Amino acid sequence: MKKFSKGLFVGVLTVILAVSFPFTAYADPDTPPTGDVAIEGDLSIVIINKTDGEYTGNINVSLTCIASERQFSFDLGLSNVLLEIPYERTITANTTYTVAFRFDRAGYVILDKRNLPVNRLHITASGYEAVWVLRDVNAVISGDTGADIGQVEADIPTDLEDVYIEAHRLWNRFLTLAITMANDNDNRLIFNAYHMHHVTMSQNFERFTHRTADDFIAMSLFERFLWDSTYVRIVDMLHMGEFDTFFGSAENYRSRAIGQIAINIGRTCQETAAAYEELMMWQYDYIRANSTVFNFITGVNHRDSMRGETGEPFSFDPIEISEERAADEDRIIQSEIQEFLDELPVPLGADDVEYEANIWDRTIARLSANWFTILLLIVVFGGLVGVIVYRKHNEIKEVGED
């Protein structure tokens, strides 16, 4: 009983000590964490209905804090959806929320003023005012989004060459399909990769643009997806010094440069995956013809965008770099082969070969001169072995043996 009481006392004491120490919660590294002291901010949401009154239902909004995973869920009613009356409430501030929507009827999306899907918002103690646009999916896909909302596609004048006009057409088609894809919660895994690997992606973004890693981190996951999948990762492959590996053929390009992204998109959005592949095959032809990557978002290729403020030419040549790398690898291989050969035993010289030949000649001559004696020894030895085997096989004993 005493042992039990002592054990119970130790257990209770351990629990008390454990809960008396503070625990530190670590938030996502690319967003400010919620402070230790709860801070609240006022959230205001205005819905601009661009469906010509077709959508008259509620819109459920779900906010999830990425630091604490605490959720806020609420409905935007008819007064918010049809009359543009702001929805207002107070929630925990100094943190970032992921945003998800659920509609009473399918076929609708929520975009921001730049025509980008709404999937995040960051609220501070000063509050957050959101102006979101409700649109019909078919209108977004057809490109009928109106002139009052900003665009993110490259502004390519119509007086350019046909090849750039084609790029603009392919980009707009992919962008509108990607927007509808981003508004579907079933595709959240596609965009989570741009959250999980944001460190490497932001470093490459800074390396291949005149912007900073913080600029990349400040983007929504959808914007990161556009920059990385259509431009940054392709430029990175061009700088690896393995041109033929990624761009030597259309098959190499499809499988090694864009294949995995197309597969990921195609798991839920085959039409968007097809539009992505068509767009990026235009990119392949452009790279083969110009040895640089076209930026569909800015309308400027990598070589021209890296000239800088001084206007000095950007002299990077991916094919030349690839050939130099291949030559360096060949030199390394040749060096390793030579080192291996140097470690092998030194071969016989001419004198040594002649000396060994003389030895063998003399040996063969002696054997030839004594062939009868050698043959006799073989016969005698063979006979002796035969007798021994015969005796053992028939168990014959010598005289005097028991």
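Mentor: Let's begin with a definition: contact means heavy atoms within 4.5 Å. Keep in mind that this is a predicted model.

Trainee: Which residues is A250 in contact with, leaving aside its neighbours within four places in sequence?

Mentor: They are M281 and Y284. A250 itself has its place in helix α10, residues 250-266.

Trainee: How do you know that A250 is in contact with Y284, when their C-alpha atoms are separated by 7.5 Å?

Mentor: Good catch! The 7.5 Å value is for the C-alpha atoms, whereas contact asks for heavy atoms within 4.5 Å. A250 and Y284 do count as in contact, although they are 34 residues apart along the chain.

Trainee: What makes a group of residues a nonpolar core?

Mentor: Its members are buried residues of the nonpolar kinds, joined through side-chain atoms within 4.5 Å. The largest such core here has 59 residues. Among those with the most contacts inside it are F174, F222 and I234. Helix α8, residues 221-238, gives the largest share of this core, 11 residues.

Trainee: What does I234 touch, not counting residues up to four places away in sequence?

Mentor: I234 touches several residues, including F247, Y253 and M280.

Trainee: Which residues does the second, separate core include?

Mentor: That core of 27 residues includes I59, F72, F74 and V118.

Trainee: Why is strand β1 called mostly covered?

Mentor: Buried means under 20% relative accessible area. In β1, residues 40-49, 7 of the 10 residues are buried, so "mostly covered" is a fair description.

Trainee: How do you know that β1 pairs with β4 and β8?

Mentor: Pairing needs at least two bridges. There are 6 bridges between β1 and β4, which run antiparallel, and G41 stands opposite I91 in β4. With β8, residues 128-136, β1 has 7 bridges, and those two run parallel. There, I45 stands opposite A130. Both counts satisfy the rule, so both are pairs.

Trainee: What is the order of the strands in the open sheet, and how do they pair?

Mentor: The 4 strands follow the order β3-β2-β5-β7, with antiparallel pairing. From one strand to the next, the twist averages 30 degrees. Strands β2 and β3 are joined by 6 bridges, and T64 has Q71 in β3 as its bridge partner.

Trainee: Why is one side of β3 and of β7 left without a neighbour in that sheet?

Mentor: Because β3 (71-76) and β7 (120-123) stand at the edges, each with a single partner strand.

Terms used:
Residues are numbered from 1 along each chain as its sequence is written. This is a predicted model: local features need pLDDT of at least 70, side-chain atom pairs count only at pLDDT 80 or more; totals for chains, interfaces and linings use all residues. Side-chain values use heavy atoms; hydrogens and water are left out. Buried means under 20% relative accessible area, exposed over 50%, partly exposed in between (1.4 Å probe, protein chains only). Axes are lines fitted to C-alpha atoms, for helices over the stretch in contact, and angles run from 0 to 180 degrees between N-to-C directions.
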